[in-house]
Amino acid sequence: MSSAQVGDYRHVWALGVSGGIAMNSVGFMPEVSQKTHMGAAIGITGRYTSEKYFSTICSIQMECNIAKLGWKQDIKTISGTQVINPNTGVAEEYTRDITYLQIPIMAHLAWGKERHGINAFINAGPQLGFMMSEKTTKNYDLPYIPDFYPDYIEGEVRANTEVAQETMDIENKFDYGIAFGAGVEWDIKHFGRISLEGRYYYGLGNLFGDSKKDEFGKSNNGAIYVKLAYLKDL
């Protein structure tokens with residue numbers, strides 16, 4: 001059959017591994033000032049290629065990944081300097097690490113060389129996540145805001161005084177959302193496929209309760225991944 005024929009069917013399975021970094025922040029409402037939280041993301045990847053439709057190589061890709069998400073607070077004063085906690089004498093730092101088992105199931109569409117060359121691709125589909133662990137790292141007992149230090153407010157205190165999240169355990173262990181990304185893949189003869197991808201994940205679930213009586217109306221994950229993967233046709 002011609003490679004340009006409509007419905008040129010395939011039956012190719014590929015299996016491999018991936019690794020990279022996840023850059024996450026949490027969409028809090030009320031807002032919590034944050035820096036980008038960075039963590040590792042590693043896993044296994046399976047792909048089934050079913051057909052080439054015109055010039056589009058059509059596949060389904062499923063992954064099982066372990067990723068460290070969470071948030072890192074940007075603790076600044078109103079004038080933009082770091083907050084110095086009077087109880088410790090050092091700049092306040094706070095990080096919450098949340099480790100997830102993530103399962104994205106995505107459509108994988110590619111254009112270019114199917115064999116022994118380079119193609120460009122997009123991935124898009126739903127993603128499920130299951131929290132495995134959480135860890136808090138901070139260098140103070142009480143955050144430096146007037147409510148906690150009513151007799152010591154000579155210096156500049158926090159510009160963002162939302163602190164409830166610092167002591168709350170993650171309420172919703174199950175996470176879900178939408179993942180989409182793009183990248184390039186190089187098929188090397190007798191070796192396998194190497195791909196580089198940038199991906200964004202938008203969480204539709206919240207870390208904490210979101211009812212009117214809860215502290216936050218929204219607290220969803222939003223992550224950018226940069227991943228390198230190796231796959232071998234079976």
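The following questions and answers concern aromatic pairs, packing, cavities and backbone geometry in a predicted model.

User: How many aromatic pairs are there in the structure?
Analyst: Rings of Phe, Tyr and Trp are paired here if their centres lie within 6.5 Å. By this rule the count is twelve.

User: Is the aromatic pair of Trp71 and Tyr94 stacked or edge-to-face?
Analyst: The ring centres of Trp71 and Tyr94 are 6.3 Å apart, and the planes meet at 25°. Planes under 30 degrees apart count as stacked, whereas those over 60 count as edge-to-face. The pair of Trp71 and Tyr94 is therefore stacked.

User: Which strands does the pair of Trp71 and Tyr94 link, and how many residues apart are the two?
Analyst: Trp71 belongs to strand β4, residues 56-73. Tyr94 belongs to strand β5, residues 94-112. The pair thus links distant parts of the chain, β4 and β5, with a separation of 23 residues.

User: Are Trp71 and Tyr94 buried or exposed?
Analyst: A residue counts as buried under 20% relative accessible area and as exposed over 50%. In this classification Trp71 and Tyr94 have one and the same label: buried.

User: What is the geometry of the pair formed by Trp71 and Phe208?
Analyst: The ring centres of Trp71 and Phe208 lie 6.3 Å apart. Their planes stand at 75°, and an angle over 60 degrees puts a pair in the edge-to-face class. Because of this angle, the geometry is edge-to-face.

User: How many residues apart in sequence are the parts that Trp71 and Phe208 tie together?
Analyst: Trp71 lies in strand β4, while Phe208 lies in the loop between β8 (192-203) and β9 (218-233). Both Trp71 and Phe208 are buried. The pair ties together parts whose separation in sequence is 137 residues.

User: Which residues form one aromatic cluster with Trp71?
Analyst: Trp71 pairs with Tyr94 and also with Phe208. The cluster that holds these residues is made up of Trp71 together with Phe28, Tyr94, Phe208 and Phe216.

User: Which backbone nitrogen lies 3.1 Å from a polar atom of the side chain of Ser219?
Analyst: Ser219 is found in strand β9 and is buried, with a relative accessible area of 0%. Beyond four places in sequence, Ser219 touches Val26, Gly27, Phe28, Gly205, Asn206, Leu207 and Phe208. The backbone nitrogen at 3.1 Å from the Ser219 side chain is that of Phe208.

User: What is the distance in space between Ser219 and Phe28, C-alpha to C-alpha?
Analyst: In sequence, Ser219 and Phe28 are 191 residues apart. Phe28 is nevertheless among the residues that Ser219 touches. Their C-alpha to C-alpha distance is 4.4 Å.

User: Which residues of the largest nonpolar core touch the most other members?
Analyst: This core holds 27 residues. The elements giving it two or more residues are β1 (8-29), β4, β5 and β9, and β5 gives the most, with four. The contacts of Leu207 include Val26, Trp71, Ile98 and Tyr100. The core residues that touch the most other members are Trp71, Leu207 and Tyr225.

User: Which strand gives the largest share of the lining of the largest cavity?
Analyst: Three cavities of 30 Å³ or more are found in the whole structure, and the largest has a volume of about 150 Å³. Of its 16 lining residues, Arg47, Thr49, Ile57, Ser59 and Arg193 are the closest to the centre. Strands β1, β3 (37-53), β4 and β5 each give two or more residues to the lining. The largest share, four residues, comes from β1.

User: With which side chain does His108 make a polar contact?
Analyst: His108 is found in strand β5 and is buried, at a relative accessible area of 2%. Its contacts beyond four places in sequence include Arg47, Ile57, Ser59 and Phe121. The polar contact of the His108 side chain, at 2.7 Å, is with the side chain of Asn123.

User: Where is the cis peptide bond from Met29 to Pro30, by the loop that holds Pro30?
Analyst: The peptide bond from Met29 to Pro30 is cis, with omega near 10°. Pro30 lies in the loop between β1 and β2 (34-35).

User: What is the phi of Phe54?
Analyst: Phe54 is found in the loop between β3 and β4 and counts as partly exposed at 47% relative accessibility. Although Phe54 is not a glycine, its phi is positive, at about 55°.

Definitions and conventions
Residues are numbered from 1 along each chain as its sequence is written. This is a predicted model: local features need pLDDT of at least 70, side-chain atom pairs count only at pLDDT 80 or more; totals for chains, interfaces and linings use all residues. Side-chain values use heavy atoms; hydrogens and water are left out. Rings of Phe, Tyr and Trp (its six-membered ring) pair if their centres lie within 6.5 Å; planes under 30 degrees apart count as stacked, over 60 as edge-to-face and the rest as tilted. Buried means under 20% relative accessible area, exposed over 50%, partly exposed in between (1.4 Å probe, protein chains only). Contact means heavy atoms within 4.5 Å. A polar contact is a pair of N or O atoms within 3.5 Å; within protein, one must be able to donate a hydrogen and the other to accept it, and residues adjacent in sequence count only if both atoms are side-chain atoms. A nonpolar core is a set of buried Ala, Val, Leu, Ile, Met, Phe, Trp, Tyr and Cys residues joined through side-chain atoms within 4.5 Å. On a 1 Å grid over the protein atoms alone, a cavity is a set of points where a 1.4 Å probe fits but cannot get out, and a pocket is an open set with protein on both sides within 12 Å along at least five of seven lines; lining residues have an atom within 4 Å of a point. Grid points are joined across faces, edges and corners, and a volume is the space filled by probe spheres set on the points.
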